Amino acid sequence: MEIQPCRTPSRLVVAVDGGVATGKSSACTAVAQRLHVPYFNAGLLYRALALWCVGERIALDNVDGKVESAARNFPIDVSLDSGTTAISLGGSDVFDQLKTSEVSRAVPEVARHLTVREVMTARQRAIVRYAKREFGGVVIDGRDATTVVVPDADVKILLVADEKARARRVGAGEGVLPAAKRDAADGASSNFLRPGSDVALLDTSALDVGELVSRVLALVFEQIDLRHL
């Protein structure tokens, strides 16, 4: 069922970072629904850029600056109207293509370039500003949402989980080693596993989705008086 965000004057921003299989997407989707604001999966912008570069046969090393140029100019459209993050490229819905193994391998390659990250951060911040203006707030997740994209967020949380829990969530087909490799690759350009002093650390290893959502909401309510929502 689609999540319909409500337009409210709260201007609430909740930022959640975390590695692979820590529960970010599931928790943020439910938390956004509870708070009546859209969920912005910021990492999908990098996946969309990687998909575009692969499709256009752009060298991912950015030696010629074409990855940075693509980051500035590729025809991406991001919609939060349904309450979740919908991505299209050149007018075509590419959701199913964003999670392919080819794109997953390409994402760290495009994201490791500082100039590319600066462009993408500006794009992500623009979407956050739009969500605040149009929907009264947003729940954003990513790798550096709490430290780089929206360091002034009202609530900032880092989710972590032990190896057994991550392996269980990812499934036997992938396992924790590839998940750890993906974190390491992302960590080379964004030190997301080291939270700032004002970021709440939440271990999700022993939590199911319902418990995780409750814990995240509790952290929100500790800082923001939204119990009337």
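In this predicted model, strand β2 is joined to strand β6, which covers residues 137-142, by 3 bridges, and the two strands run parallel. Within this pairing, N41 stands opposite D141 in β6. Strands of a sheet pair through backbone hydrogen bonds, and the pairing may be either parallel or antiparallel.

The pair belongs to an open sheet of 5 strands, whose order is β2-β6-β1-β7-β8 and whose pairing is parallel. The edges of this sheet are formed by β2 (39-41) and β8 (200-203), each of which pairs on one side only. From one strand to the next, the twist averages 20°. Helix α9, made of residues 209-223, lies across β1 (12-18), β7 (155-160) and β8, and it runs at about 150° to β7.

Which residues touch the most other members of the largest nonpolar core? This core has 41 residues, and those with the most contacts to other members are F40, L49, I87, M120, I140 and V150. Several elements supply at least two residues each, including β1, β4 (86-89), α4 (101-111), α5 (114-135) and α6 (145-149), while the largest share, 8 residues, comes from α2. Apart from this core lies another one, of 23 residues, among them V16, V37, L212 and F221.

I87 shows how such a core residue is surrounded: leaving aside neighbours within four places in sequence, I87 is in contact with L44, L45, A48, I76, D77, V78, S92, D93, V94, F95 and L98.

Two residues, one in a helix and one in a loop, can be set side by side.

| Residue | Place | Relative accessible area |
|---|---|---|
| L51 | helix α2 | 15% |
| N62 | loop between α2 (43-55) and α3 (66-73) | 12% |

Is L51 buried or exposed? A residue counts as buried when its relative accessible area is under 20%, and L51, at 15%, is therefore buried. Beyond its neighbours within four places in sequence, L51 is in contact with L89, V94, Q97, L98 and V103. Of these partners, L98 is 47 residues away from L51 in sequence, yet the C-alpha atoms of the two are 6.8 Å apart in space.

N62 has a relative accessible area of 12%, so this residue is buried as well. The side chain of N62 reaches the backbone nitrogen of V67 at 3.1 Å. When residues up to four places away in sequence are not counted, N62 touches V67, E68, H113, T115 and V116.

Notes: Residues numbered from 1 in each chain as written. Predicted model: local features only at pLDDT ≥ 70, side-chain atom pairs only at ≥ 80, totals over all residues. Heavy atoms only, no water. Helix = DSSP H or I, 4+ residues; strand = E, 2+ residues; numbered from the N terminus. Buried < 20%, exposed > 50% of the residue type's maximum accessible area, 1.4 Å probe, protein only. Polar contact = N/O pair within 3.5 Å; in protein donor to acceptor, adjacent residues only side chain to side chain. Contact = heavy atoms within 4.5 Å. Pairing = 2+ DSSP bridges. Axes fitted to C-alpha atoms, helices over the stretch in contact; angles between N-to-C directions. Core = buried A, V, L, I, M, F, W, Y, C linked by side-chain atoms within 4.5 Å.
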